[in-house]
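Hi,

Here is the structure I promised to pass on. Have a look at it first, and then read my notes below.

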Protein chains: 2
Amino acid sequence: MASWRDNIRQVEPYVPGEQPKNTNVIKLNTNENPYGPSPRVKAVQDNEDLLRLYPDPTAGALVDALAEYHGVDASQVFVGVGSDDVLAMSFLTFFNSDKPILFPDITYSFYDVWAELFRIPYKQMPLDENFRLKIDDYKGENGGIVFPNPNAPTGIYESLDHVEEIIKNNPDVIVIVDEAYIDFGGETALPLIDKYDNLVVVRTFSKSRSMAGLRIGYAISNPELIKALNDVKYSYNSYTMNRPSLVLGVESIHDDAYFREKVGQIIATRERFVKEIAELGFTCLPSSANFVFATHESIPAKEIFAAAKENNIYVRYFDKPRIDNYLRISIGTDAEMDVFVSFLSKYVKEYK
Amino acid sequence: MASWRDNIRQVEPYVPGEQPKNTNVIKLNTNENPYGPSPRVKAVQDNEDLLRLYPDPTAGALVDALAEYHGVDASQVFVGVGSDDVLAMSFLTFFNSDKPILFPDITYSFYDVWAELFRIPYKQMPLDENFRLKIDDYKGENGGIVFPNPNAPTGIYESLDHVEEIIKNNPDVIVIVDEAYIDFGGETALPLIDKYDNLVVVRTFSKSRSMAGLRIGYAISNPELIKALNDVKYSYNSYTMNRPSLVLGVESIHDDAYFREKVGQIIATRERFVKEIAELGFTCLPSSANFVFATHESIPAKEIFAAAKENNIYVRYFDKPRIDNYLRISIGTDAEMDVFVSFLSKYVKEYK
């Protein structure tokens, strides 16, 4: 047995939501946006001849568009290949302490995967019985903090006061607030960037901007932390963002009206859906995201998950402690949700 | 001073070749291809509506196309965001020994950057006086080996016998052969994959396939090592390849005639260019790449570099020991090289 095996990094990879090959399904399992991106994104194509040239390593056009959109300086914006790339590089850049980093026990399931990958010690802090952060848990010694707000897969939003309390109580470590779903509800922590030098806010184009297929994410922070991120990025891959991402990302930012309209539609559909399934015996945690986390009063989530799948409706089920009786249901179009509600209505009635 | 600064990863990033904003230049500084990609790449666009969905995390279509093209199984192919991404992940995956990894002192300048980033011990082995690998240097104890063939920035190709000798003598570590430039000359190490279980061959679409702007690279090896790479990839970012890359990458692979034609043109232009500048007092190392490494008998490279730039001709100069009197000149179109030769001819004549 060749001894090179001893020096291969052993990891337990993250398992993404299933991507069915069959296109004849209602796909509510990976929190994608049911609407296409802005028509401007469809209309603009890069000059194909330029494909032969390296993209701008600074991703300047996209960084500038984001800086202007959020009212910050370009030196405060970092972009990457989806927020996963931005978060992974943030872990690698900011979490180099011997003390454990902290994040909730029920949260984005990539955090512990990155910690394992980069050999970062970590501690998972239990959410309370209502799936809320226990703020005091984040006041002890630690090597850094990361949490999504709204949280995933619960969809629960923590008030900005709570977020600020965590940031303020941890001046010696970096606090990452992962705002993948913030556009669907809640107040952003972005204004706190000026007040605290230890805050990094991470965003994505995959949910509210309907561009999961392009892989665009970004971080906003102070220039010093953004420079540290860029140094690591340039030490890993000078050109992470390809030309189509750069060109189409800018177009999305420039069509704010479309963006707001579609986000509004999804929120409206979500609220209607929550009410309709309540009548079928489901309870949803209060959601500020483009998905709901739902449990039924008598039918096990696992069974509903399997039955829905048989009917070509994909939702997400996590076979994990505390949440194994919940389904994470992405909000699709009204028509898609109607089909799902009809299915559930029939299923619940006939269940024995 | 906040103590979070103590836990930020300190790195000296790789400096990519300059990307001039001015488009009115002859750009021979980053080894791009002067010809556009296959017309098939231009003609095909993905269904824009699909941009809202996550790409296939397995990059299946592209992996399958590459497997078929190279006559290997799909389980032997790994794709990434340029060969930089593939190499960085390979370092992270395979180089976890306490012993130093080995690579040449004059080589792709990202190797030591990745080693620093991931805290991998390394030793740079001096090339001989003709800029050739000293094979015996790679026979001692080590934690892994990586080298480009042809080498960069020299363009020198090492025979497959030499490559095999290195692989054979290091059964206990992973040997990565970085074949970014192999299509422009020399024999690939791919057939050795079946013979040695410690070999990883890395390729890119950025040079011979004219697709630097899309960021596509890949590795071919045995299924066990490819699985280890994929495990790390899935632990870092499930979806590294965006939809345009996947769709357009496949089209490039499927147009082999165009690919061969353009590679042939570049080789012909290179040979002509080498002869023409020889008459002006330049010597080029024997190049098997899409660039030449050239030195002048009397004029310092640094001065030629600056003068060319003033005339809107960008080439690459490395202010490093042993190679600070060389220019790395990418091969452009015949017309571009003619302009450059005219400039050099005039410059050499008037130099005093």
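A quick word on naming before the rings: helices here are DSSP runs of H or I with at least four residues, numbered from the N terminus. Keep in mind, too, that this is a predicted model.

On that numbering, Phe340(A) and Phe343(A) both belong to helix H10 (residues 334-350) of chain A, and being 3 residues apart they are separated by about one helical turn. Their rings form a stacked pair, 6.3 Å centre to centre with 10° between the planes. Phe340(A) is buried, and Phe343(A) is too.

Over in chain B, Tyr181(B) and Phe291(B) pair edge-to-face, with 4.9 Å between centres and 85° between planes. Tyr181(B) sits in the loop between strands S6 (175-178) and S7 (199-204), while Phe291(B) is in strand S10 (residues 291-296), so this pair ties together parts that are 110 residues apart in sequence. Both Tyr181(B) and Phe291(B) are buried.

In total there are 43 aromatic pairs over all chains. One aromatic cluster in chain A includes Phe91(A), Tyr108(A) and Trp114(A).

Rings also meet charges: Lys262(A) lies over the face of Tyr35(A), 4.7 Å from the ring centre, and in chain B the charged end of Lys262(B) sits over the ring of Tyr35(B), 4.7 Å from its centre.

As for the two chains, a turn of 180° with a shift of 0.0 Å along the axis lays chain B on chain A with an RMSD of 0.0 Å. The copies are thus related as by a two-fold rotation axis. In chain B, Pro244(B) has the C-alpha nearest that axis, 3.5 Å from it.

Cheers

Key:
Residues are numbered from 1 along each chain as its sequence is written. Chains are lettered from A and ligands numbered from 1 in the order in which they are written. This is a predicted model: local features need pLDDT of at least 70, side-chain atom pairs count only at pLDDT 80 or more; totals for chains, interfaces and linings use all residues. Side-chain values use heavy atoms; hydrogens and water are left out. Copies are superposed by least squares on the C-alpha atoms of residues with pLDDT of at least 70 in both. Rings of Phe, Tyr and Trp (its six-membered ring) pair if their centres lie within 6.5 Å; planes under 30 degrees apart count as stacked, over 60 as edge-to-face and the rest as tilted. Helices (H or I, at least four residues) and strands (E, at least two) are DSSP runs, numbered from the N terminus. Buried means under 20% relative accessible area, exposed over 50%, partly exposed in between (1.4 Å probe, protein chains only). A charge sits over a ring if NZ of Lys or CZ of Arg is within 6 Å of the ring centre and within 35 degrees of the ring normal.
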